Amino acid sequence: MMAKLWRCEICGDPYIGESPPDNCPFCGAHRRYIKEARDAKVNFDVQLAEKDKANAQRALQVEVSNAAFYFCAAEKTDDHEGKLLFKALGKVEAEHASVWKKILKLDSVPKGDDTCFTDHKGNLQESHRRETNAINFYRTAAGESENERVKQIFESFVEVETDHLKLSEERLR
Ligand SMILES: [Fe+2]
Ligand SMILES: [Fe+2]
């Protein structure tokens, strides 16, 4: 088998491997958005309608805030596996923030200052609350958008945040 170059159509990042990953290692997008790099259609130059712009700005804030929370939890949570989980989640949310940054044509991603708990269960519950809010907002935003690209990003992030929700649910059982 030969290594190939793949590209995620949601975040635009490239990946080298024999076969495409089930989820984008950067933004978590599902398999159907990962194409051979030469065939991938990636566009961040979108004319934003008023509503889409407002939703993209709010989404950027949500992602920045959630990334800051997860990186805090990765440091402070009192559970070894939990630290790894929160680090992985923080990286994905930071990538989501970067997608909105590109859509909004900003120079940089604002820095979040969210704090977290030291007890692992508290962080899992907080993760569950944050992912639930993100899913509900993204679902609404996808429904409100008439732009195919904006809709595509919101819909794919609903799937990714739902994967995140399941990770906390499994651990809270
Ligand atoms: Fe991606
Ligand atoms: Fe996210």
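In sequence, the donor residues of the iron ion (ligand 2) follow the spacing E-x29-E-x2-H-x64-E. The structure that holds this site is a predicted model. The protein donors are E63, which contributes OE twice, E93 through OE, H96 through ND1 and E161 through OE, and these atoms lie 1.8 to 2.3 Å from the iron ion (ligand 2). Of these residues, E63 belongs to helix α1 and H96 to helix α2 (residues 80-103), so this pair ties together parts that are 33 residues apart in sequence. Both E63 and H96 are buried.

The arrangement of the helices was examined next. Two packed helices are described by the angle between their axes and the distance between the axes. For α1 and α2, the axes come within 7 Å and cross at roughly 160 degrees. An angle over 145 degrees counts as roughly antiparallel, and α1 and α2 are therefore roughly antiparallel to each other. Their crossing is left-handed. The residues that form the contact of α1 with α2 comprise 14 nonpolar, 3 polar and 8 charged.

Helix α1 (residues 50-76) also packs against helix α3 (residues 120-144), with axes that come within 11 Å and cross at roughly 165 degrees. These two helices, α1 and α3, are therefore roughly antiparallel to each other as well. The crossing of α1 and α3 is left-handed. On the α1 side, the residues that meet α3 are K51, N55, R58, A59, V62, E63, S65, N66, F69, Y70 and A73, and their partners in α3 are N123, E126, S127, R130, E131, A134, F137, Y138, A141 and E144. By class, the residues of this contact of α1 with α3 divide into 9 nonpolar, 5 polar and 7 charged. The iron donor E63 is among the α1 residues in this contact.

Helix α3 packs in turn with α4, at an angle of about 155 degrees and with the axes 8 Å apart. That angle makes α3 roughly antiparallel to α4. The crossing in which α3 passes α4 is left-handed. The contact of α3 with α4 has 11 nonpolar, 8 polar and 8 charged residues.

Within helix α3, Y138 was considered individually. Y138 counts as buried, because its relative accessibility is 0% and the limit for a buried residue is under 20%. Residues up to four places away in sequence being set aside, Y138 touches A59, V62, E63, W100, F154, F157, V158 and E161. Two of the residues in that list, E63 and E161, are also donors of the iron ion (ligand 2). Y138 and A49 are 89 residues apart in sequence, and their C-alpha atoms are 16 Å apart in space.

Several residues in the loops were also examined. S145 is located in the loop between α3 and α4 (148-172). With a relative accessibility of 2%, S145 counts as buried. When residues up to four places away in sequence are not counted, S145 touches D52, V150 and K151.

A40 occupies a position in the loop between β3 (34-36) and α1. The relative accessible area of A40 is 14%, and A40 is buried. Its contacts, apart from neighbours within four places in sequence, are with R7, E9 and K35. A40 and W6 are 34 residues apart in sequence, and the distance between their C-alpha atoms is 8.1 Å.

The loop between α2 and α3 contains P110. This residue, P110, has a relative accessible area of 35% and is partly exposed. Beyond its neighbours within four places in sequence, P110 is in contact with L60, Q61 and V64. P110 and N133 are 23 residues apart in sequence and 20 Å apart in space, C-alpha to C-alpha.

K105 likewise lies in the loop between α2 and α3. Most residues other than glycine have a negative phi. In K105, a residue other than glycine, phi is positive, near 55 degrees.

Key. Residues are numbered from 1 along each chain as its sequence is written. Chains are lettered from A and ligands numbered from 1 in the order in which they are written. This is a predicted model: local features need pLDDT of at least 70, side-chain atom pairs count only at pLDDT 80 or more; totals for chains, interfaces and linings use all residues. Side-chain values use heavy atoms; hydrogens and water are left out. Axes are lines fitted to C-alpha atoms, for helices over the stretch in contact, and angles run from 0 to 180 degrees between N-to-C directions. Helices (H or I, at least four residues) and strands (E, at least two) are DSSP runs, numbered from the N terminus. Angles under 35 degrees count as roughly parallel, over 145 as roughly antiparallel, 65 to 115 as roughly perpendicular and the rest as oblique. A crossing is left-handed if the near helix is turned anticlockwise from the far one by less than a right angle, and right-handed if clockwise. Contact means heavy atoms within 4.5 Å. Ala, Val, Leu, Ile, Met, Phe, Trp, Tyr, Cys and Pro count as nonpolar, Asp, Glu, Lys and Arg as charged, and the others, Gly among them, as polar. Donors are N, O and S atoms within 2.8 Å of the metal (3.2 Å for Na, K and Ca); water is not among the atoms, so sites may look incomplete. Buried means under 20% relative accessible area, exposed over 50%, partly exposed in between (1.4 Å probe, protein chains only).
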